[in-house]
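This report describes selected features of the structure shown below, beginning with one sheet and moving on to cores, the chain contact and backbone details.

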Amino acid sequence: MLRPIVCTALVCLALAACRPEAGSTPGAGGDQASTVTVAVADPRSSEAGNRSIDVIAGLLSDEGLVGLGRDGRPEARLAERWEVSPDGLTWRFFLRPGLIFQDGEPVTAAAAKAAIAPAPAATESETLPGLRDVLAVEAPGPLELIVRLRKPNALLLESFNFSPIVSLGHAAGAGPFRPDSRTRGKAVLGRFKGYYRGRATVETITIAEYPSQREAWSAMMRGEVDLLHEVAPDAFEFVRESPNAHVASFLRPYVTALAFNAGHPVLGRRDVRRALNLAVDRRAVIDDAIGGRGVAATDHIPPNHWARDASAPVFDFDTAAAAAILDAAGLRRRGGPAPARLTFTCLVLAEPRFERLALLLQRQLQSVDVDMRLEALPLPEFSTRVAAGRFDAFVNELIASTGLGFTYMMWHSNPPGPFLRSGYASANPALDRLRTARTDDETRAAVHALQRTMHDDPPAVFLYWEQRSRAVSRRFTLPPGDDLDILRSVDRWQIVGRGSANGGAP
Amino acid sequence: MKTIRARLAALVATAAIAPLLAYGVVSLQLLRSATNVSVAGEAETAAEHAAAEIAQYLDHNIDLLTSVASDLQYAHLSPDQQERIVRNNVTAFPAYSELTLFDADGTPMASSRLLKPTLVLGAERPLPRRPRVAPIQIDSALLPSTEISLFLDHAGPPVAYLVGRLSLEELWRVVDRVRVGGRGHAVLVDEKGRLIGHGDPAMRSSVARGDDLLWHPLIHPRPGATLAGVERYTRQDGVEMLGVARPVGERGWRIIVEQRAVEAFALSTRLERFLVMTVLTGLALTLFIAVVWGRSFVRPIDALMHATRALSDGRLHERVTIAGRDEFAELGRAFNSMADRLVTLQAEAVRQERQATFGRIAAGLVHDLAHPIQNIGNNCRLMLQLYEDPQYRQDFRRMIDREFPAIRRLLEDLRNLARPIPLERFPVDVARLLQETAERINPIAAQAGLSVAVTTPASALAIEGDLFALGRVLQNLLQNALQATPPNGRVWLETRETEGRAVIEIGDTGCGIASERLPHVFDDYVTTKRRGLGLGLAISRRIVEQLGGTIAVVSEVGKGSVFTLSFPAIPAQGLLQKASA
C-alpha cells in the first residue's frame with residue numbers, strides 16, 4: 001500500500017515542480033514545430049531510469065485543477081477561478097469552458113470530481129493533507145465543482161496540484177503533451193493541440209534513457225539530445241562552459257536532512273537535537289558534498305514560500321555551544337577506547353553521494369564527541385526502515401514542494417505520514433494551525449510558528465536545498481526566468497533563428 | 001640634363017630609399033624572429049606551468065595517500081580503526097572519492113564505502129613499492145579519475161595495499177586556466193594519446209566521447225623529436241595552429257598548449273603591416289621630397305638651358321625667371337643681364353652692318369655705275385664735235401651696247417635680291433644649255449685670253465628648270481671664273497649624270513678662294529672682287545635652290561675653284577616632246 005502512495009507522491013511532486021507555469025504566454029505553433037529529445041541518465045539502475053521517464057512523461061501530459069507557483073501560491077489551471085464560503089467549508093470551482101482532454105472528451109466537473117474525491121479505502125495517512133477534510137464533492141453543472149469540507153483546510157488548493165484530472169473513459173490527461181508511445185527506455189509524447197494555454201511550440205518530446213551521464217552528454221554533443229535531464233553536480237562546471245548547451249539551474253523541491261527518531265532515548269531529547277544542529281557546519285557540508293551548489297536549510301519550509309519568515313532564527317555553527325549543551329544534558333565525554341559521549345546509528349542510502357554526506361556529518365559530529373555510526377542500505381530497505389520508524393537517525397532527501405503539504409505529511413505525527421515515522425510531535429500544533437488557516441495572515445502566522453518550532457525543537461538537522469541543473473541544446477531559446485526548472489517551460493521553447501509565430505488558442 | 005636627373009635619382013636611391021628598404025627588411029626579419037620566439041615562449045611557459053601544476057597535484061595527492069598509508073601500516077589497528085581512518089581521510093581529502101585497503105589476496109579489509117567497495121585490486125601483485133597510478137578513466141558523471149595503489153608492508157599480515165580513487169577534476173580546472181592570447185587553450189592527453197581535458201569548451205564533447213589525439217603531430221612527433229616539441233600544424237578542421245607540448249611528470253601524459261596561428265601572430269602581423277606601411281610611407285615621402293627638391297634643382301637649370309638655346313637660336317629676347325635668392329636665381333639674373341647685353345650688342349652690330357652694307361652697296365653702285373656713266377658722259381660730250389664721224393657713232397653705239405646692259409644687270413641684281421623673279425619650269429637640255437652659254441661667253445673670254453671648254457655626256461641629260469635663270473647662273477659663275485683666271489688659264493663647263501641627278505661643274509684654274517671665306521661666298525654682299533655688290537653668288541644659290549637643286553664650291557687658293565650644281569634629272573623624253581611640240 002505504501003509504495004504506490006510514495007510513487008504517486010513522487011509523480012505529483014514532480015508535477016508540482018515541473019508543470020508549465022500558469023499565466024505564461026500561450027505557446028507558439030505552426031512553423032515553430034520541433035522535436036525535443038530529453039535524455040535521462042540515472043546511473044543507479046535501469047529501473048530508476050525508467051521511473052524517471054514516467055515521471056517526466058506524467059508531468060508533461062497531466063494537468064490539475066489548480067497549480068502551485070514558485071512561491072507556493074495556488075495558480076489557476078483547468079479551473080479558471082474559485083470561491084470559498086465565509087466559514088471556509090464550501091469551495092466552489094469554475095472550470096474553463098471548452099476544454100478537452102487529449103482523447104477529445106470534454107473536461108467536465110464530473111471528471112474533476114472523480115480525480116479529487118477521496119478513495120473510499122484510503123486511510124488518512126495515505127491521503128494528501130489537503131484532501132483529508134473533504135466531506136463531499138459535487139458537480140452541479142458541467143463546469144462547476146463544489147467541494148464541501150468538515151473543517152477549513154488551507155492545503156486544499158495545493159492538493160489539487162497533485163491530483164491530475166483525467167478523462168473518465170480513457171484516463172487521458174489535459175496537459176500540453178499527449179503520450180504517444182512507451183517502450184522500454186523510451187517514451188514519445190506529441191503536442192496536444194487542445195491544451196488550454198495554447199498549442200505548444202514543441203511538436204514532439206522524446207524521453208530516452210541513457211546508461212550514463214557521459215553517454216547522454218556525448219549524445220547531446222552529437223546533436224541527438226536536446227535536454228540533459230539532470231547534470232551531475234560534479235560535472236556542472238564541465239557542462240556549464242559548453243558552447244552547445246544552455247545550463248539552467250533550479251532549486252530541487254527536496255531538503256536534505258539528518259533526521260532523528262524522536263523515540264530514541266537520547267535523540268528524542270530536544271536539547272540534544274539542538275546541540276547536534278549547532279555541531280553541524282552546513283556551509284562546509286554544502287561545499288564538500290554538493291560543490292557549493294545549494295542553499296542552507298534550517299527547516300522543512302521551502303525557501304521561496306510566500307509565508308516564510310525570512311528573519312526566523314537559524315542555527316549557527318558553534319561546536320562549543322553544542323558541546324556545552326551536550327554536557328549540560330549529561331552527555332559527557334567518556335574515557336576508554338570509545339570515548340564518544342553519544343553513539344547512534346544513522347541509516348544511509350547506499351549511494352556514493354549520500355555515503356559521502358554521511359561521512360562528512362560523521363566527521364563533524366566527531367568534533368563534539370558524537371559517534372554517528374553509519375548503516376548503508378539499498379533504497380527499498382532504507383525506505384521501509386524509515387517509514388516504519390526503525391532507525392536512530394537517517395540521512396536523506398526529504399520530499400517537499402513549493403507548498404507545505406509534504407511538510408505537513410512529514411512531520412505531523414497524527415497520523416504519521418507514509419514516508420517517515422519519527423515520533424516527532426512537537427510541530428503538530430503549528431501544523432494544525434497551518435492546515436486550518438482560513439486567511440493569508442493565519443497561514444503566515446502558522447508558518448512562522450512552524451519555523452520557530454523547528455528551530456526550538458528541531459526534528460532533524462536540515463542541511464540544504466540542493467541546486468540542480470539541466471542542460472538544453474542551444475538550438476533552442478529558453479524563456480526568461482531565474483532559478484526555474486526549464487522543463488516547466490518546454491512548451492514555450494523557441495528554435496533559435498525562427499521568428500515567434502503565435503499559434504494561439506486551441 | 002638627363003645625366004643630372006639620373007644622378008639626382010641615384011643620389012636619392014642610395015642615400016634614402018635603399019637604407020629605408022634595408023631598414024624595413026631587417027626590421028621585418030627581426031620582428032618575425034622575435035615574435036616566433038615570444039609566441040612559442042608564452043605557450044611553452046604556460047605549458048610548463050600547467051604540466052608542473054598537474055604533476056604537483058598528482059604528487060600532492062600521492063603524498064596524501066602515502067600519509068594515510070603511514071597511519072595504517074605502523075600500528076596494529078583493528079578493522080574498525082582501519083575503517084575509521086580511511087573514512088575520515090576520504091572526507092578530509094575531497095579529491096579522493098573512495099579509499100579501500102586490501103590484503104595481499106585482494107580482499108577488502110576496510111573501505112570508505114559503507115557497503116561493498118567499488119575499487120578492485122588489480123591482478124598485478126605484488127605491486128611495486130613505488131605508487132602505481134592507473135590509466136585515467138572518465139566516469140559516468142563525465143569526470144576523470146584514476147586509481148592510485150600503494151604497497152603497505154606493515155599494515156596487516158603479511159602485506160596490504162591501499163587504493164584510492166582520485167578525482168582528476170582539478171586537472172580540468174588546470175587545463176581550463178591555461179589561456180594563451182584570446183583563444184589559445186590547453187589539451188591534456190594520457191600516455192595513450194587519449195583526450196583527458198580540453199580547454200576549448202567547444203571541444204569538451206571530445207573528452208566525453210573518449211576521443212584520442214593520435215592524429216596530432218605533437219602526439220606523434222617526428223622521429224627524433226622529444227615530447228617537449230613546438231609545432232606549427234594544420235588541425236583536422238583545417239585551422240592552422242601553433243602548438244607546444246610538454247610532458248607531465250614521468251607518466252607519459254602530455255599537455256599541449258595550442259593557439260590559432262592567425263591569433264598567435266596577429267600582433268606580429270599588425271606590426272608587420274604597420275612597419276610595411278611606415279616604410280612605404282617613408283618611401284613615398286622620400287620620393288615626393290626628392291621629386292619636389294629635384295624639380296626645384298633641375299627647373300632653373302632647365303630654364304637656363306632653354307634660354308641659352310633660345311639665345312643660340314637668335315631669340316635674344318628670351319629670358320629666364322628663377323625666383324629666390326639662391327645661386328640659381330643669381331645665375332638667372334646674370335644670364336638675363338648677359339642677354340640684355342647681347343641684345344644691345346646685336347642691335348649695335350646690326351646697325352653697323354647695315355651701315356657697312358649700305359656703304360658697300362653705295363660704294364659698289366658708285367663704282368659700278370661711275371665707269372659706264374663716265375664713258376657715256378665722255379662720249380656724249382664728244383657727240384657735238386664728232387657726231388658726223390661714223391667711227392664715233394659706231395664706237396658710241398658699242399659703248400651704249402656695253403654700258404647700259406651692265407647698268408641694267410646691276411639694277412636687276414638689286415631688284416632680284418629684294419623681290420626674286422618667279423621661275424618657270426620646263427624640261428631643259430643641260431648639254432645644250434651649257435653649249436649656248438659657252439658660245440655667249442666665249443667672246444668675253446677671248447678678250448681675257450681664255451676660252452670656255454664644254455664637256456657633255458653622250459646621252460641626253462635633262463632637268464626641269466627655267467632656261468633663262470639657269471643661263472644667268474652659269475653666266476655669273478663663268479664671269480667670275482673668267483675674272484679670276486689669268487690668261488692661258490683654263491675655264492670649263494662639264495655635265496654628267498650621277499645617281500639620278502644632273503651634275504654641272506663650272507671650274508677654273510684661277511686664284512681660288514681663301515678657305516675662311518668659302519663658307520660665306522654664297523651670302524649676300526660677299527665678294528672677292530674689287531668691283532661689284534657681291535650679289536652674284538647669292539642670287540645664283542637662291543635660283544638653284546628654288547629649282548630644287550644644290551650648289552657647292554671647292555676651292556684652293558692658287559689652284560682654282562670648282563662650283564658644282566646638282567639638279568634632279570628627269571627623263572630625256574620630255575625634251576623630245578618639247579622639240580616635237
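## A five-stranded sheet in chain B

In this predicted model, chain B contains an open sheet of 5 strands, arranged in the order E8-E7-E11-E10-E9 with antiparallel pairing. Strand E8 (195-198) and strand E9 (230-234) of chain B occupy the edges, and because each has a single partner strand, one side of each is left without a neighbour in the sheet. On average, and with direction ignored, neighbouring strands of this sheet are turned by 25° against each other. As general background, strands of a sheet pair through backbone hydrogen bonds, either parallel or antiparallel.

Within this sheet, strand E7 (residues 185-189) of chain B and strand E11 (residues 253-260) of chain B run antiparallel and are joined by 5 bridges. Among the residues of E7 and E11, B:Val187 has B:Ile256, in E11(B), as its bridge partner. Helix H3 (residues 169-177) of chain B lies across E7 and E8 of chain B, and runs at about 50° to E8(B).

## Chain B as a whole

The secondary structure of chain B amounts to 12 helices and 18 strands. Chain B has 581 residues, of which 29% count as buried. When the contacts in chain B with a separation of 6 or more are considered, 61% of them are accounted for by residues 24 or more positions apart.

## Nonpolar cores

Which residues have the most contacts inside the largest nonpolar core? They are A:Ala39 and B:Leu162, in a core that has 216 residues. Helix H1 (residues 2-73) of chain B contributes the largest share of this core, namely 12 residues. If residues up to four places away in sequence are not counted, B:Leu162 touches B:Leu65, B:Val68, B:Ala69, B:Leu72, B:Leu99, B:Leu101, B:Leu150 and B:Leu152.

A second core, separate from the one just described, has 39 residues and includes B:Val428, B:Ala462, B:Ala502 and B:Ala538. In soluble globular proteins, nonpolar side chains tend to be buried together.

## The contact between the chains

Chain A gives 24 residues to the contact and chain B gives 23 residues. On the side of chain A that touches chain B, the elements that give two or more residues are helix H5 (213-221), helix H10 (352-366) and strand E15 (370-377) of chain A. Sorted by class, this side of chain A has 14 nonpolar, 4 polar and 6 charged residues.

## Backbone details

Most residues other than glycine have a negative phi, and most peptide bonds are trans. Against that background, the peptide bond from A:Asn414 to A:Pro415 is cis, with omega near -5°. A:Pro415 is located in the loop between helix H12 (405-411) and helix H13 (428-436) of chain A.

Two residues of chain B call for a comment on phi. B:Asn488, which is not a glycine, has a positive phi near 70°, and its place is in the loop between helix H10 (467-484) and strand E15 (491-498) of chain B. Is B:Asn488 buried or exposed? B:Asn488 counts as exposed because 8 other C-beta atoms lie within 10 Å, where the cut-off for an exposed residue is 12 or fewer. B:Glu499, although not a glycine, likewise has a positive phi, of about 55°, and lies in the loop between E15 and strand E16 (501-508) of chain B. B:Glu499 has 7 C-beta neighbours inside 10 Å and therefore counts as exposed.

Technical notes. Residues numbered from 1 in each chain as written. Chains lettered and ligands numbered in written order. Predicted model: local features only at pLDDT ≥ 70, side-chain atom pairs only at ≥ 80, totals over all residues. Contact = placed C-beta atoms within 7 Å. Helix = DSSP H or I, 4+ residues; strand = E, 2+ residues; numbered from the N terminus. Nonpolar A, V, L, I, M, F, W, Y, C, P; charged D, E, K, R; others polar. Pairing = 2+ DSSP bridges. Axes fitted to C-alpha atoms, helices over the stretch in contact; angles between N-to-C directions. Buried ≥ 20, exposed ≤ 12 C-beta atoms within 10 Å, placed from the backbone. Core = buried A, V, L, I, M, F, W, Y, C linked by C-beta atoms within 7 Å.
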